[in-house]
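Colleague: I would like a close look at a single part of this model, followed by an account of what surrounds it. Please keep to what can be computed from the atoms.

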Amino acid sequence: MTATPAQWPAEAIWQAIAPLLPGFTVEVLPSIDSTSSELMRRARDGRLEPTLLVTEQQTAGRGRLGRDWHSSAYEGTGVVPALTFSLGLPLAPRDWSGLSLAVGVSVAESLQPQLPAPQGGQPRILLKWPNDLWLQDGRKLGGILVETASLQLPPGTVDGTRYVVVGIGLNVLPVLAKDLGSELRTPPACLREVDATLTAASALERIAAPLVQALLGFADAGFAPFQERFAQRDLLAGRAVTLSDGTHGSAHGVAEDGALLVHTARGMQVITSAEVSVRPSAAARPA
Ligand code: BTN
């Protein structure tokens, strides 16, 4: 594996995004507790500029449902084994439902535009409701954490505006055996399996501007324009699933507002709460 220190394309990202988001800044930090925690702290202090904050190392990364988010530590190599960044901006969609799914669609399409995956053995990037990226063989590639803060915004700001922080973590290199926590039953996947040329920096350059466009598109039209694109990569569709309360059922895709539809013994359940975790009951479906 080539150990090349990250060369972050901050200027190119800024050039692509600044015309879409006035006042936009890009920041690269060698280390921080969590890029999402930092942008939420800034928002609470009234610092509401659109900001992309990327770091080479998080010391207290956070995942969904109060879980930790660990990246592998390739100490002393200079390589950045995971892409960890957050994008914060004020946003005022009519309906926030489905935002993390729309983010997942945008990230997956940026990393792998073609479906099915191009020839050559690369695995497909799929989306596991509500906000995970998985490979088709049932290993997690990365996750998305969406948080919002309601704010005292300046007069003239559109009603319903909140500062949203979209945090994204993607393994770029394989997670080292020493970093596999006890809760990780299956070693996670990494971007190098999808595209051997990707680095944290090049992945960020691919993802950033389309992500901003996706967020602005979501603010205008909600989740509906993303529904079919999500369906094309829906890992759970047609699969037996178990909800966190133990209910078994089979997943029937997502509704126009991003809710997960699960057919159970009590009929079709509409799962909207991000607090519900869903896991496939059987092995991943074949490609
Ligand atoms: C999950 O899989 O539960 C979501 C993981 C989100 C991790 C990213 S890494 C960048 C940002 N900062 C954090 O502390 N979390 C998100």
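In which strand is Leu91 found?

Modeller: Leu91 is found in strand β3, and since the model is a predicted one, everything that follows describes computed geometry. At a relative accessibility of 4%, Leu91 counts as buried, because the cut-off for that word is under 20%. Setting aside residues up to four places away in sequence, Leu91 touches Trp96, Gly160, Thr161, Arg162, Val164, Leu215, Leu216 and Ala219. One of these contacts spans a long stretch of chain: Leu91 and Ala219 are separated by 128 residues in sequence, yet their C-alpha atoms are 6.6 Å apart in space.

The strand that holds Leu91 also holds Ser86, as β3 covers residues 82–91. Ser86 is buried, with a relative accessible area of 0%, and its side chain makes a polar contact of 2.7 Å with the side chain of Thr35. Thr35 also appears among the residues that Ser86 touches, together with Ser36, Leu39, Thr51, Leu52, Leu53, Val165, Val166 and Gly167, again not counting residues up to four places away in sequence.

Two of those neighbours lead into the nonpolar cores. Leu52, which Ser86 touches, is one of the residues with the most contacts inside the largest nonpolar core, a set of 68 residues in which Leu83 and Leu170 are named alongside it. The largest share of this core, 13 residues, comes from helix α4, which runs over residues 200–221. For Leu83, the contacts beyond four places in sequence are with Trp8, Val54, Ile168, Gly169, Leu170, Val172, Ala200, Ala203, Leu204 and Ile207. A second core of 10 residues is separate from the largest one, and its members include Met40, Ala43, Ala149 and Val165; Val165 is the other neighbour I had in mind, since Ser86 touches it too. As general background, nonpolar side chains tend to be buried together in soluble globular proteins.

Ser36, also touched by Ser86, leads instead to the ligand. An N or O atom in the side chain of Ser36 is 3.5 Å from a nitrogen atom of the ligand. An oxygen atom of the ligand is 2.7 Å from an N or O atom in the side chain of Ser34, whereas for Arg64 a backbone N or O atom lies 2.7 Å from a ligand oxygen atom. Altogether 20 residues surround the ligand, and the closest of them are Ser34, Gln58, Arg62, Arg64 and Lys140.

Lys140 offers a way into the strands β4 to β6, as this residue of β6 stands opposite Trp134. The pairing of β5 (residues 132–135) with β6 (residues 140–150) is antiparallel and extends over three bridges. These two strands form a hairpin with four residues between them, and Gly138 in the turn has a positive phi of about 90°. On its other pairing, β5 meets β4, likewise in the antiparallel sense, over four bridges, and this second hairpin has three residues between its strands. Within the β4–β5 pair, Leu127 has Leu133 as its bridge partner, and Ile125 has Leu135. The side chains of β5 divide into Asp132 and Trp134, pointing one way, and Leu133 and Leu135, pointing the other way, with all of them buried. Strand β4 (residues 125–128) is likewise covered on both faces, with Ile125 and Leu127 buried on one side and Leu126 and Lys128 buried on the other.

The remaining feature is aromatic. A search of the whole structure finds two aromatic pairs. In one of them, the ring centres of Phe223 and Phe226 are 6.5 Å apart and the planes meet at 20°, so this pair is stacked. In the other, Phe223 and Phe230 are edge-to-face, with 6.5 Å from centre to centre and 70° between the planes. Phe223, Phe226 and Phe230 thus belong to one aromatic cluster. Phe223 is buried at a relative accessible area of 3%, Phe230 is buried at 1%, and Phe226 is buried as well.

Definitions and conventions: Residues are numbered from 1 along each chain as its sequence is written. This is a predicted model: local features need pLDDT of at least 70, side-chain atom pairs count only at pLDDT 80 or more; totals for chains, interfaces and linings use all residues. Side-chain values use heavy atoms; hydrogens and water are left out. Buried means under 20% relative accessible area, exposed over 50%, partly exposed in between (1.4 Å probe, protein chains only). Two strands pair if DSSP finds at least two bridges between them. Rings of Phe, Tyr and Trp (its six-membered ring) pair if their centres lie within 6.5 Å; planes under 30 degrees apart count as stacked, over 60 as edge-to-face and the rest as tilted. A nonpolar core is a set of buried Ala, Val, Leu, Ile, Met, Phe, Trp, Tyr and Cys residues joined through side-chain atoms within 4.5 Å. Contact means heavy atoms within 4.5 Å. A residue is near a molecule or strand if one of its heavy atoms lies within 4 Å of it. A polar contact is a pair of N or O atoms within 3.5 Å; within protein, one must be able to donate a hydrogen and the other to accept it, and residues adjacent in sequence count only if both atoms are side-chain atoms.
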